[in-house]
Amino acid sequence: MPDFNKAVDPDRLTRFTRRLIQTPSLSREEEAISQVIQAEMEALGYDEVYTDELFNVVGIMKGDEPGPRLLFNGHIDHAGVGEMPDAFSGAIINGAPYGYDREVIYGRGASDMKAGVAAMVHAGAAARGLGFPRRGELIVTCVSREEIAQGEGIGHLLKNGLTADFAVSGEATGLKVYLGHRGKFEMRVTTQGRTTHGGFPSGGVNAIYKMNKVLNALQQDYELPEHPVLGPATVTVLDINASPGALSPIVPDRCNLIVDRRFLPEETEDGLLAGFQALLDAIKAQDPEFKATMEPLKWFPAMLTEPGEPVVQAMLRARETVMGQAGEVGNWYFGVDGTFISQAGIPCVGFGPGNEFLAHTPKDVVPVDQVITACQVYTALIADLCGTKAEK
Ligand SMILES: [Zn+2]
């Protein structure tokens, strides 16, 4: 068995992770960080490296003979900084205030997901140091525009012919093997009333009071399905407003509600809308004055890779090889670019350093040792899937 631990250069990997965090890269502002990544891939001996017009960086390590193509995917943009102090310091600090008993790297994007990107890029070099990939190839994709849109960066690569047999998303999983996530559906519900003077409310119909019935129904009468791996579907509201507004004493004739519904892979947009319509119809049956419409706004697909998929089994083996245990499989609470890779027909598994619950928070850190361990596990995965052909 090759020594995956020794294959990784921990100091160089830590330096590279810090460098990525020190390079600001808001969505659509990824040019500088793409140059840092391209230069690192070239220095690490990738056989082919290129950056496209969206600043997606792709590095390829080729084996000696044809075989499985293994795709690593991470995004290089980060969420807004918000109130986070010194967000681009990349400092190595005591992890205690962040819930870790060891050193962490601090900075925006540490957990989401510059540490994952760094570990994936370095895994290609660590594998090459051990003579992998022997067959097939490793394709490391460091993509732009994940945070703002529906997988714009990865979508661009897939549209331009990127393909593979297996894929890994390096989004934070706390070094567990993840199978996917629920989908997200956002819609607007609007209730209609009739304006009247605020001093004479019984002369009209208050759209806010009508919306109150929707809010109660969502909390009390709306049934949500549950999934054995992805857990329960959820519903919540994100925003509410009424018009014409309180500048003059007028009872509003319009109230808008934004609903966030996390759905399971078997659910469809038509099915979700029908479920909400049934709730509205039930209110209407009790209140003939009730009038409401719905408008779908956003749809982000669910992702679920079956536990029996070879890439999941290989990831569990790689984790066991390096960490001693395959561990339990889990899922993200947020959506990742892996869903678009899955939809392109490439089975995708999740594994990455960092705690997903620190993503987008002012406590954005990643433990140093998790970055190194992640890189070792990725290296073991490359050796497993792109190693010597099994004897028949
Ligand atoms: Zn992310």
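Helices (H or I, at least four residues) and strands (E, at least two) are taken here as DSSP runs, numbered from the N terminus. By that assignment, Thr 191 belongs to strand S9. The structure is a predicted model. This briefing treats an open sheet of four strands with antiparallel pairing, the helices H6 and H7 that contact it, the packing of helix H10 against H2 and H8, and the surroundings of Thr 191 and Ile 33.

**The four-stranded sheet**

- The strand order of the open sheet is S12-S13-S9-S14, and the pairing is antiparallel.
- Strands S12 (234-243) and S14 (292-300) are the edge strands; each has a single partner strand, so one side of each lacks a neighbour in the sheet.
- On average, and with direction ignored, neighbouring strands of this sheet are turned by 20° against each other.
- Strand S9 (residues 183-192) and strand S13 (residues 254-263) run antiparallel and are joined by 10 bridges.
- Within this pairing, Gly 183 is placed opposite Phe 263 of S13.

**Helices on the sheet**

- Helix H6 (residues 207-220) lies across S9, S12, S13 and S14, and its direction is at about 15° to S13.
- Helix H7 (residues 269-286) also packs on the sheet, where it touches S9, S13 and S14.
- The direction of H7 makes about 150° with that of S14.

**Thr 191 in strand S9**

- Thr 191 has 27 other C-beta atoms within 10 Å and is therefore buried, the criterion being 20 or more.
- Beyond its neighbours within four places in sequence, Thr 191 is in contact with Ala 207, Lys 210, Met 211, Val 214, Cys 255, Lys 291 and Ala 292.
- Thr 191 and Asn 212 are 21 residues apart along the chain, and their C-alpha atoms are separated by 9.7 Å.

**Helix H10 and its partners**

- Helix H10 (residues 368-385) comprises 18 residues and reaches 26 Å from its first C-alpha to its last, close to the 26 Å expected at 1.5 Å a residue.
- H10 is mostly covered, with 16 of its 18 residues buried.
- The axes of helix H2 (residues 10-21) and H10 come within 10 Å and cross at roughly 115°, which means that H2 is roughly perpendicular to H10.
- H2 passes H10 in a right-handed crossing.
- In this contact, H2 contributes Pro 10, Leu 13, Thr 14 and Thr 17, while H10 contributes Val 368, Val 371, Ile 372 and Cys 375.
- Helix H8 (residues 310-323) packs with H10 at an angle of about 125°, the axes being 8 Å apart; H8 is therefore oblique to H10.
- The crossing in which H8 passes H10 is right-handed.
- From H8, the residues Ala 314, Met 315, Arg 317, Ala 318, Arg 319, Thr 321, Val 322 and Met 323 meet Thr 373, Gln 376, Val 377, Ala 380, Leu 381, Asp 384 and Leu 385 of H10.

**Ile 33 in helix H3**

- Ile 33 is located in helix H3 (residues 31-43).
- Ile 33 counts as buried because it has 26 C-beta neighbours inside 10 Å.
- Not counting residues up to four places away in sequence, Ile 33 touches Leu 20, Thr 23, Ser 25 and Ile 76.
- Among these contacts is Thr 23; Ile 33 and Thr 23 are 10 residues apart in sequence and 5.9 Å apart in space, C-alpha to C-alpha.

Key
Residues numbered from 1 in each chain as written. Predicted model: local features only at pLDDT ≥ 70, side-chain atom pairs only at ≥ 80, totals over all residues. Pairing = 2+ DSSP bridges. Axes fitted to C-alpha atoms, helices over the stretch in contact; angles between N-to-C directions. Contact = placed C-beta atoms within 7 Å. Expected span 1.5 Å × (residues − 1). Buried ≥ 20, exposed ≤ 12 C-beta atoms within 10 Å, placed from the backbone. Parallel < 35°, antiparallel > 145°, perpendicular 65-115°, else oblique. Left-handed = near helix turned anticlockwise from the far one by under 90°.
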